[in-house]
Amino acid sequence: MSNKIQYQLKKLPLISCALLSCLAFGQVHAVSNDQVKHLVESEKKNYLNTLEALVNIESGSKDLVGVNKIAKYVAEQLKMTGAEVSIVEAKDIYRMDDTPQQTGPMVKAVLKGKGSSKIMLIAHMDTVYLTGMLKDQPFKMEGDKVFGLGILDDKQGVAAIIHTLDLLKKLNYQDYGTITILLNSDEEISSPGSRKLITETAQDQDVVLSFEGGGKDGSLRLATSGIGAAYLEVHGKSAHAGVKPEAGINALTELSHQILQLQDLSNLKTGLKLNWTVASAGKVRNVIPDLATAQADVRALQVKDFQQVERVLQQRIKRKKLADSEVKLKFEMRRPPLMANPQAKKLAEQAQLIYKNDFNLPMKVLTEATGGGTDAAFAGLNSKAAILEGMGLSGDGAHSNNAEYILVESIVPRLYLATKLIMDLSTAQK
């Protein structure tokens, strides 16, 4: 860690003697919220050290060397919290248009306590950045901002989970039933290798906390859009465009017809959005193109809307302008939507109270989807758990060169929030 960061952290309060005494004799219930807060504050330096180590491991989604390296490091850190840890290789991979042959591993960890609550924590270790970019964009601290590749999306979340578990260990708190951690390394490519394990693991959980960043203001999100994609492929027949165009079948003409009849499927009332965004046809000016392709971005708030729009697309492509052309359509549900349930709303209210009572801070809770997708939606696909997204730190600049950062001032409130939620949830179920 840089000298500048070390200097700024020297002023952090030490754990009080009263707290040390409580911990030494296992008197967890005698520890006050203020004493827990002091313990969290003392964890700040350790958190930044871990975050720096994570940022210094380049882990682009398709960089198998990098994602395996970060998985090994994270597994070692989780073992020190007392968890049972395993590195799980992706086997059952959901194939999409841009899915690589092999995806990176997942790190799974389980802490077994003395209670009955089942709590799941998720985050992702991969980034959108290419190998080699780190040397020009190193981990650095400027005022209250800490910059780094993938620092907000989502290495802060990985570090937050590690240190939340470390705090529970230091508190000797074991009133939970199980805490299950699942960290994947293919989130930025729509989680093709990890989605099944996330969905299966979440099925019997009471609560799922997802540690994507909380935006600039620390908002929690209870709903996210589902993300789909449609791929059109039109096959025709090439011919000389000047000498004998009638001998060809113009794939571009047919593609244009198809896009025109497939462009009105968005529905503002249901939140369905379908937009054709990419197209390609032909390579030479004087040749009738025999192949044309297009892609559409699709967003939905309900799984049934994806199913319905796929049916409509498949039906409409049968109406062709050029009878002898061949039109194919492939549809992908890249991420399901996440819908806010009553359990999640109640848990979000509890999080708001913690922020208000212990930090005098406001917290927005977003119950309507805003267009983005999340792994939390895979967790909610077959589960009735209360799911909170955005449990990570505040910051901005995700996916942006030289601009991605987290706010130092959000470290203590966010680690405290995660720790207190786990403790409160577990105590409530005793």
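**View 1. Ser191 sits in the loop that runs between β6 (178-184) and α7 (195-202).** Like every view here, this one comes from a predicted model. Ser191 is worth a pause for its backbone: phi is positive, about 55 degrees, although the residue is not a glycine. Most residues other than glycine have a negative phi. Is Ser191 buried or exposed? With a relative accessibility of 0%, Ser191 counts as buried, because the cut-off for that class is under 20%.

**View 2. Asn402 also has a positive phi without being a glycine, here near 60 degrees.** To find Asn402, look in the loop between β15 (395-396) and β16 (405-407). The relative accessibility of Asn402 is 56%, so this residue counts as exposed. Set beside View 1, the pair makes a handy contrast: Ser191 is buried, whereas Asn402 is exposed.

**View 3. Helix α6 (residues 151-170) holds Asp154, and the peptide bond leading into this residue from Asp153 is cis.** The omega angle of that bond is near 15 degrees. For background, most peptide bonds are trans. How many of the 20 residues of α6 are buried? The count is 18, so the helix is mostly covered. Follow the chain just past the end of α6 and you meet Asn172, where phi is positive at about 55 degrees.

**View 4. Helix α5 (residues 64-79) packs on α6.** Two packed helices are described by the angle between their axes and the distance between the axes. For α5 and α6 the angle is about 20 degrees and the axes are 10 Å apart. The two helices are therefore roughly parallel to each other, and their crossing is right-handed. Which residues meet here? On the α5 side they are Ile70, Val74, Gln77 and Leu78, and on the α6 side Lys155, Val158, Ile162 and Leu165. Sorted by class, this contact has six nonpolar residues, one polar and one charged.

**View 5. Helix α3 (residues 33-42) and helix α12 (residues 411-428) pack at an angle of about 125 degrees.** Their axes lie 9 Å apart. The angle makes α3 and α12 oblique to each other, and this crossing, too, is right-handed. From α3 the contact draws on Asn33, Val36, Lys37, Val40 and Glu41, while α12 brings Val412, Leu415, Tyr416 and Lys420. By class, the contact of α3 with α12 has five nonpolar residues, one polar and three charged.

**View 6. Thr419 belongs to helix α12.** At 1% relative accessibility, Thr419 counts as buried. What does Thr419 touch, leaving aside residues up to four places away in sequence? The partners are Thr164, Leu167, Leu168 and Leu171.

**View 7. A UniProt record marks residues 223-322 as "domain: Peptidase M20 dimerisation".** The entry is unreviewed, so please read the label as an annotation that may be inferred rather than shown by experiment. In the model this span is 25% helix and 29% strand, and its end C-alpha atoms lie 43 Å apart.

**View 8. Glu310 lies in helix α9 (residues 303-316).** The relative accessibility of Glu310 is 30%, so the residue counts as partly exposed. Met333 is 23 residues away from Glu310 in sequence, and the two C-alpha atoms are 9.8 Å apart in space.

Technical notes:
Residues are numbered from 1 along each chain as its sequence is written. This is a predicted model: local features need pLDDT of at least 70, side-chain atom pairs count only at pLDDT 80 or more; totals for chains, interfaces and linings use all residues. Side-chain values use heavy atoms; hydrogens and water are left out. Helices (H or I, at least four residues) and strands (E, at least two) are DSSP runs, numbered from the N terminus. Buried means under 20% relative accessible area, exposed over 50%, partly exposed in between (1.4 Å probe, protein chains only). Axes are lines fitted to C-alpha atoms, for helices over the stretch in contact, and angles run from 0 to 180 degrees between N-to-C directions. Angles under 35 degrees count as roughly parallel, over 145 as roughly antiparallel, 65 to 115 as roughly perpendicular and the rest as oblique. A crossing is left-handed if the near helix is turned anticlockwise from the far one by less than a right angle, and right-handed if clockwise. Contact means heavy atoms within 4.5 Å. Ala, Val, Leu, Ile, Met, Phe, Trp, Tyr, Cys and Pro count as nonpolar, Asp, Glu, Lys and Arg as charged, and the others, Gly among them, as polar.
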